[in-house]
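Visitor: I would like a close look at a single part of this structure. Please keep to one helix and its surroundings.

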Amino acid sequence: MKVLVTGGAGFIGSNYVRSLLGGAYVGYEDVHVTVVDKLTYAGNTANLPMDHPRLSFVKADICDAATLYDVVRGHDAVVHLAAESHVDRSLLSAGEFVISNVLGTQAVLECSLRAGVERVVHVSTDEVYGSIGEGSWTEKQRLQPNSPYAAAKAGADLLAWSYYQSHRLPVCVTRCSNNYGPHQFIEKIIPLFVTNLLDGRPVPLYGDGLHVREWLHVDDHCRGLQLVLERGRPGEIYHLGGGTELTNLDLVRQLLTLCGADWDRVQFVDDRKGHDRRYSLDGEKARHELGYEARVPFDRGLADVVDWYRDNRWWWAPLRETAEFFKYGLPRGW
Ligand code: NAD
């Protein structure tokens, strides 16, 4: 079995690769994994067991279809995670998001089709639906993305659908909620806040802090991706939710406690442009068809993540330079 993971040097992709190679999934103990990754600011080979005998790493841009095709050939499955992933950056520089997330996905789909790949999993996001006041979205919800990031992901999802409809490419789309876990780049809210708090710095909280997010531990997400890879029906969309809804204020309250800091460290900053108020996924389809259920209790998962950043300063301290720009929300004047 040969699995190609695009974006495998990033946060979720590398967790998935480490789980695959670590024997977490029954029947995949001998799997050979190839990672293709451009190594943008968010990609980091330190996230991967580079010397592992069943891991191959290819530094390449998924938009380079000729190179990608050579890489894809011979693989049984493709799990596609490569993307520009940070909403704030998409407000500053949307073009890169369209290139990597839309054109890049088209290249992944086309190369998979031509190479006869038996199974493709395209990893998407709940953000494609926009914002929801009450209740939860099912997979039938219409797309109404509010940020350039979400719009580019929605475009990619539609391309995946089109490759299934037109060519019967056996592709599934997953839409997950906000992930948290180790190895997450320090511009995202949890690692940004934890590393700032551990360093005695202030933390920037957008608007009134009442935005609601549903938190999903990355290990649960990766297990869900594996279930979709093994049992998902081609052409279908599956929600992979975490089940823990929290306002950002509640999240920050827990982080302050875990890091031993007080509210005086929290600085309320202008809200993000077009900031979605609430996301919420209905997970019934994945529960019913795949037996997927999030398992990691949020309290324990969050405490483990804080411990991981506390114990792995070597990993994140050098990244601070790149992330500095984003620490207090969008730069003024944009
Ligand atoms: P990340 O930013 O940590 O990693 C993305 C990886 O993709 C990086 O290693 C980067 O180098 C690589 N990459 C980017 N553009 C590339 C290109 N053109 N060619 C090759 N490699 C490229 O992102 P993540 O948080 O691990 O997210 C992975 C996927 O999951 C993304 O598709 C994202 O949209 C989706 N997702 C993430 C979350 C979350 O909470 N993190 C939630 C929903 C969906």
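Which strands does helix H2 lie across, and at about what angle does H2 run to E2?

Guide: A word on the model comes before the helix. This is a predicted model, with a chain average pLDDT of 95 and 96% of the residues scoring at least 70. Over residues 327–334, however, the pLDDT is below 50, although this stretch has 20 contacts in the model beyond near neighbours in sequence. Where pLDDT is low, the predicted coordinates should not be read in detail.

Now the helix. H2 lies across four strands by name: E1 (2–6), E2 (32–37), E3 and E4 (77–80). Relative to E2, H2 runs at about 170°. With a cut-off of over 145 degrees for roughly antiparallel, H2 is roughly antiparallel to E2.

The strands under discussion belong to an open sheet of seven, in the order E3-E2-E1-E4-E5-E6-E10, with parallel pairing. Its edge strands are E3 (55–59) and E10 (237–240), each of which pairs on one side only. On average, and with direction ignored, neighbouring strands of this sheet are turned by 20° against each other. At the E10 edge, four bridges join E10 in the parallel sense to strand E6 (residues 171–176). Val-173 has Ile-237 in E10 as its bridge partner.

H2 also has a helix to pack against. Helix H2 (residues 65–72) and helix H4 (residues 94–115) pack at an angle of about 45°, and their axes are 9 Å apart. The two helices are therefore oblique to each other, and their crossing is right-handed. From H2, the residues in contact are Ala-65, Leu-68, Tyr-69 and Val-72. They meet Ala-107, Val-108, Cys-111, Ser-112, Arg-114 and Ala-115 in H4. By class, this contact has eight nonpolar residues, one polar and one charged.

A second sheet completes the view. This open sheet has three strands in the order E7-E9-E11, and its pairing is mixed. Strands E7 (178–180) and E11 (244–247) stand at the edges with a single partner strand each, so one side of each is left without a neighbour in the sheet. Neighbouring strands here are turned by 45° against each other on average, direction ignored. E7 and strand E9 (residues 212–217) run parallel and are joined by three bridges. Asn-178 stands opposite Trp-215 in E9.

How values were computed
Residues numbered from 1 in each chain as written. Predicted model: local features only at pLDDT ≥ 70, side-chain atom pairs only at ≥ 80, totals over all residues. Heavy atoms only, no water. Axes fitted to C-alpha atoms, helices over the stretch in contact; angles between N-to-C directions. Parallel < 35°, antiparallel > 145°, perpendicular 65-115°, else oblique. Left-handed = near helix turned anticlockwise from the far one by under 90°. Contact = heavy atoms within 4.5 Å. Nonpolar A, V, L, I, M, F, W, Y, C, P; charged D, E, K, R; others polar. Pairing = 2+ DSSP bridges. pLDDT = per-residue confidence, 0-100.
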